[in-house]
Amino acid sequence: MNNAQDVLLLESLLSEFLGEKFNLEETALTPKELSKQNSKSKKERIDILIDKIKNNKPLELDKGGTFLVHDPNGSKVAELEAWNVSKGPVTLQDKEGNKITTSKLKKTEEFGGGKGSGGGAAQTNQQESAQCLVNALVQKLGNDITPEDLTPENLKSVSNKIDTTSSVDSIIEFITTHEDWHDTLIHTAKLINEFLGQDVEFHRGSSFVDTIYAAWNKVRKEENLGGIKNDKWNPSDIWAVSPEVKSIGFKDTLAELNNQLLDLFEERKLVGISLKKLGPDSHITIRAKDQKVEKDGLAETTISPNSKDAYINFTSGATLQLRTFNNDGTSFQGELKGKTANQGKIGGGVLRSILSRNGLGLIPTQQEALRNATDLTDGFIKEFIELAKKYGRFDITSEELKSKSTDWVSSKYQALSVIKVLEEGSQENVSDALTDIRNYAGSTSSVSSVHLKVS
């Protein structure tokens, strides 16, 4: 969304779909909203409100302005501590006797509200940069640290241990004005500190981090790995960096680069950290440490002569549905389906690259498939009929093919082409390719490099 008109348009469409007014901006703290958690910090919103009243902090109003609750004997705090959603809005009073209800309060960022278009990325920047600074402070003070230790002075004392995309002053301001984040930041930092066990720096988006991904992108291009995104190779949000590794050169093949990162990870000198889900109950796991993933294989294929898709059934029990995800013959993808839920998608370009680098030959590009489906030349019609008969195990006449939509022909042609290279390839190559496809769609690709995950 690039401007306010885009926001209003989306709000209108969502309101029509939901049957009620939908607002992308921060909304009021209705009883329903007040009864929920801040989805990021995992702290109850009613507890956030109680803390603000106890600490004599002003509350922002939904229609603008602020309101300072007067509660000299703690009776209002006691009422809120016993509150539940069935009791409805709570009346608040200031020193002058003015009254409002909690439904007049704004669901600000502190309560878990949004910031509109562009706010999400900026908030993520601040939160991840704040995690770096708190990591550094826990590294200095140890795991006995408490929220009371998150003072500007303490935080400033370890500012030389971070290299982030936010300034130190803005990070300190974020931490000191977001008390609802303190427990989460400290809990996460303690987990990371226990794992690392040595003195390091913490980086987010630094020039050194850029060199890591530059090395990956060089490998990706030279080894024809297709459109695999950075976060599919390594989804780390922040990095623990020993100063001695900042001047090293990175290897120039995938195997060597991943092994280099694994060696540095084991030595705790360079550790990528994915902040997947933060909260008081989060824990850490090591991902992509063992590059020897469990092999998969081809069990069977399922193709209907009527639908535009085809299914590849894996020996592991997973299934890959192949089809276009638009109705105009474009966006050919594979969607991995597990026994209980969809597990992720793989784009046509990446799929083509994986099949090719595992020795199974090239399937048509999406542009080629769409052009063939549009032109329907005699040569293409003959090719399609042969593919359908041999690999789809169904018959289709020239007239029947011409009666199909361009989208159906494009989708079916690409799906049959994938099945063709799988059924013609060697068992070893097919196993390697399907293992890569399964792991890529499930975000555990065999090209992935080691990292720590907080979730």
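**Figure 1. Phe380 and its aromatic partner Tyr413 in the predicted model**. Phe380 is a buried residue, with a relative accessible area of 3%. Tyr413 is likewise buried, at 4%. The two side chains form an aromatic pair, their ring centres lying 4.8 Å apart and their planes meeting at 85°, an edge-to-face arrangement. Phe380 belongs to helix 14 (residues 378-392) and Tyr413 to helix 16 (residues 406-424), so this pair ties together parts that are 33 residues apart in sequence.

**Figure 2. The aromatic pair of Tyr213 and Trp233**. Nine aromatic pairs are found when the whole structure is searched. One of them joins Tyr213 and Trp233: the ring centres are 5.7 Å apart and the planes stand at 85°, which exceeds the 60-degree cut-off, so the pair is classed as edge-to-face. Helix 9 contributes Tyr213, and helix 10 (residues 230-233) contributes Trp233; the pair therefore ties together parts that are 20 residues apart in sequence. Tyr213 has a relative accessibility of 12% and counts as buried because this value falls under the 20% limit. Trp233 is also buried, with a relative accessible area of 0%.

**Figure 3. The cluster containing Tyr213 and Trp233**. Ring pairs connect these two residues with Trp216 and Trp239, so that Tyr213, Trp216, Trp233 and Trp239 are linked into a cluster.

**Figure 4. The open sheet of six strands**. The strands follow the order 5-6-7-8-15-9, and their pairing is mixed. Strand 5 (162-163) and strand 9 (284-287) occupy the edges; each has a single partner strand, and therefore one side of each is left without a neighbour in the sheet. Strands of a sheet pair through backbone hydrogen bonds, in either a parallel or an antiparallel sense. Strand 5 pairs with strand 6 (residues 201-203) in the parallel sense, over two bridges. Within strand 6, Phe202 is the bridge partner of Ile162.

**Figure 5. Helix 9 against the sheet strands**. Helix 9 (residues 207-222) lies across strand 6, strand 7 (238-241) and strand 8 (270-275). The helix runs at about 105° to strand 7. Tyr213, shown in Figure 2, lies in this helix.

**Figure 6. Arginine side chains over phenylalanine rings**. Arg268 lies over the face of Phe195, at 3.8 Å from the ring centre. In a second view, Arg323 is placed over the face of Phe325, at 3.8 Å from the centre of that ring.

How values were computed
Residues are numbered from 1 along each chain as its sequence is written. This is a predicted model: local features need pLDDT of at least 70, side-chain atom pairs count only at pLDDT 80 or more; totals for chains, interfaces and linings use all residues. Side-chain values use heavy atoms; hydrogens and water are left out. Two strands pair if DSSP finds at least two bridges between them. Helices (H or I, at least four residues) and strands (E, at least two) are DSSP runs, numbered from the N terminus. Contact means heavy atoms within 4.5 Å. Axes are lines fitted to C-alpha atoms, for helices over the stretch in contact, and angles run from 0 to 180 degrees between N-to-C directions. Rings of Phe, Tyr and Trp (its six-membered ring) pair if their centres lie within 6.5 Å; planes under 30 degrees apart count as stacked, over 60 as edge-to-face and the rest as tilted. Buried means under 20% relative accessible area, exposed over 50%, partly exposed in between (1.4 Å probe, protein chains only). A charge sits over a ring if NZ of Lys or CZ of Arg is within 6 Å of the ring centre and within 35 degrees of the ring normal.
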